[in-house]
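Colleague: Thanks for making time for this one. Could you walk me through it, one question at a time?

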Amino acid sequence: MKLIIGSHVSFTKEEGLLGSVKESLSYDENTFMFYTGAPQNTFRAPINQEKTKEAKELMEKEQIDIKNIIIHAPYIINLANDKDEDKFNFAVNFLKQEIKRAESLGIDKIVLHPGSHVGVGEEKGLENISKGLDLVLDKKEGPIICLETMAGKGTELGKTFEELNTIIKNVKNNQRLMVCLDTCHLNDAGYDVTKFDELLDEFEKIIGIEKIGCIHINDSKNEKGAHKDRHENIGIGTIGFENLINIIYNERLKKVPKILETPYISIDGGKDRTYPPYKFEIEMIRNKKFNEKFLESIRNYYK
Ligand code: FE
Ligand code: FE
Ligand code: ZN
């Protein structure tokens with residue numbers, strides 16, 4: 001079976017899904033993930049059905065299976081806090097709309113950050129998330145929400161498999177819930193991703209490996225357990241190239257799409273313009289060989 005690998009790509013109002021497919025292909029990928037609008041806000045333009053149709057034709061031609069494509073919900077959506085009822089209801093309604101957008105694009109999986117309890121406490125926060133998901137997943141069938149494993153920054157929930165399991169088991173239509181593992185977040189939450197098979201054994205005991213719907217492949221800028229959530233480029237963080245390769249090629253996760261969310265590279269050290277590292281990181285992953293000079297290659301390529 002072919003490696004299913006891709007990265008975060010853009011999705012613009014003008015080019016829609018077609019632009020995302022083209023960007024992904026330019027990095028030599030066979031899947032990708034995108035936000036249906038800006039990740040930090042909830043403004044969403046209508047879906048361009050003509051571009052969606054063209055995108056599907058291109059995917060067919062290039063053998064990209066739409067089942068492996070992922071939408072990421074905006075990270076300001078927070079189901080864990082219900083103190084402000086309007087905000088909570090807004091989050092629920094936004095997610096319902098996001099599911100409709102996914103359906104109109106023909107996409108099956110939406111990644112969601114479970115949420116931050118911001119003061120209501122972990123137990124109540126987890127209850128709120130399940131309550132919100134129950135409202136969102138009011139039908140037995142439809143796109144799946146993949147709850148992402150979080151670093152545990154601030155009051156973030158979903159930082160342990162136990163917390164994710166608590167959320168999942170309290171949702172009625174939980175056949176529509178899966179999990180998205182994020183290697184940087186797992187590391188920052190305190191899991192030892194360098195012993196990945198043991199980590200999967202633990203996941204199997206608590207949730208079940210069949211529930212892994214997506215994996216975010218990122219190195220980390222911080223030590224295990226730092227609760228920071230700062231992604232690093234492949235091979236230059238605390239996780240390291242060999243450990244990430246072991247995760248990416250793990251036999252038990254063959255069918256699971258792997259998505260890079262590593263930082264863009266600046267050419268002159270300034271922050272004004274940065275460039276995607278994915279073409280180069282994907283190449284190293286496919287070759288299973290780390291190139292010490294890959295950052296330099298990226299800078300030369302985009303110069
Ligand atoms: Fe995420
Ligand atoms: Fe992630
Ligand atoms: Zn992150």
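Modeller: Happy to, and please keep in mind that this is a predicted model. Let's begin with a histidine: histidine 185 has a relative accessible area of 2% and is therefore buried.

Colleague: Good start! Which metal ion does His185 coordinate?

Modeller: His185 binds through NE2, alongside Asp229 (OD) and His231 (NE2), at 2.0 to 2.3 Å. In sequence these donors follow the spacing H-x43-D-x1-H. Histidine 185 sits in helix H6 (residues 183-189) and histidine 231 in strand S11 (residues 231-232), so the pair links parts of the chain 46 residues apart. The ion they share is the zinc ion (ligand 3).

Colleague: And is histidine 231 buried or exposed?

Modeller: The cut-off matters here, as buried means under 20% relative accessible area. Histidine 231 has a relative accessibility of 19%, so the residue counts as buried.

Colleague: How far apart are the zinc ion (ligand 3) and the iron ion (ligand 1)?

Modeller: Let me place the iron ion first: its protein donors are His72 (NE2), His113 (NE2) and Glu148 (OE), at 2.1 to 2.3 Å. Along the chain, those donors are spaced H-x40-H-x34-E. From the zinc ion (ligand 3) to the iron ion (ligand 1), the separation is 5.3 Å.

Colleague: Which parts of the chain does the pair of histidine 72 and glutamate 148 tie together?

Modeller: Both residues are buried, histidine 72 at 1% relative accessibility and glutamate 148 with a relative accessible area of 1%. They are 76 residues apart in sequence, so the pair ties together strand S3 (residues 70-72) and strand S6 (residues 144-148).

Colleague: Which residue coordinates both iron ions?

Modeller: The iron ion (ligand 1) and the iron ion (ligand 2) are 3.3 Å apart. Around the iron ion (ligand 2), the donors are Glu148 (OE), Asp182 (OD), His216 (ND1) and Glu261 (OE), at 2.0 to 2.2 Å. The residue that coordinates both ions is glutamate 148.

Colleague: What arrangement do the four donor atoms around the iron ion (ligand 2) make?

Modeller: A tetrahedral site would need all angles between 85 and 135 degrees, and a square planar one would need opposite donors over 155 degrees apart with all others between 65 and 115. In this site the donor atoms subtend angles of 83 to 172°, which makes the arrangement irregular.

Colleague: How many residues separate aspartate 182 and glutamate 261?

Modeller: The donors of the iron ion (ligand 2) have the spacing E-x33-D-x33-H-x44-E. Aspartate 182 is in strand S8 (residues 177-182), while glutamate 261 is in the loop between strand S12 (258-260) and strand S13 (265-266), and this pair links parts of the chain 79 residues apart.

Colleague: Turning to the helices, how do H9 and H10 lie relative to each other?

Modeller: Helix H9 (residues 278-287) and helix H10 (residues 294-302) pack with their axes 9 Å apart, in a right-handed crossing. Lys279, Phe280, Glu281 and Met284 of H9 make the contact with Phe294, Ser297, Ile298, Tyr301 and Tyr302 of H10. Their angle is about 140°, and over 145 would count as roughly antiparallel. H9 and H10 are therefore oblique to each other.

Colleague: Last one: how many of the eight residues of helix H8 are buried?

Modeller: The buried residues of H8 are Phe241, Asn243, Leu244, Ile245, Ile247 and Ile248. Helix H8 (residues 241-248) is largely enclosed by the rest of the structure, because the number buried out of eight is six.

Notes
Residues numbered from 1 in each chain as written. Chains lettered and ligands numbered in written order. Predicted model: local features only at pLDDT ≥ 70, side-chain atom pairs only at ≥ 80, totals over all residues. Heavy atoms only, no water. Donors = N, O, S within 2.8 Å, 3.2 Å for Na, K, Ca; no water. Helix = DSSP H or I, 4+ residues; strand = E, 2+ residues; numbered from the N terminus. Buried < 20%, exposed > 50% of the residue type's maximum accessible area, 1.4 Å probe, protein only. Tetrahedral: all angles 85-135°; square planar, octahedral: opposite > 155°, others 65-115°. Axes fitted to C-alpha atoms, helices over the stretch in contact; angles between N-to-C directions. Parallel < 35°, antiparallel > 145°, perpendicular 65-115°, else oblique. Left-handed = near helix turned anticlockwise from the far one by under 90°. Contact = heavy atoms within 4.5 Å.
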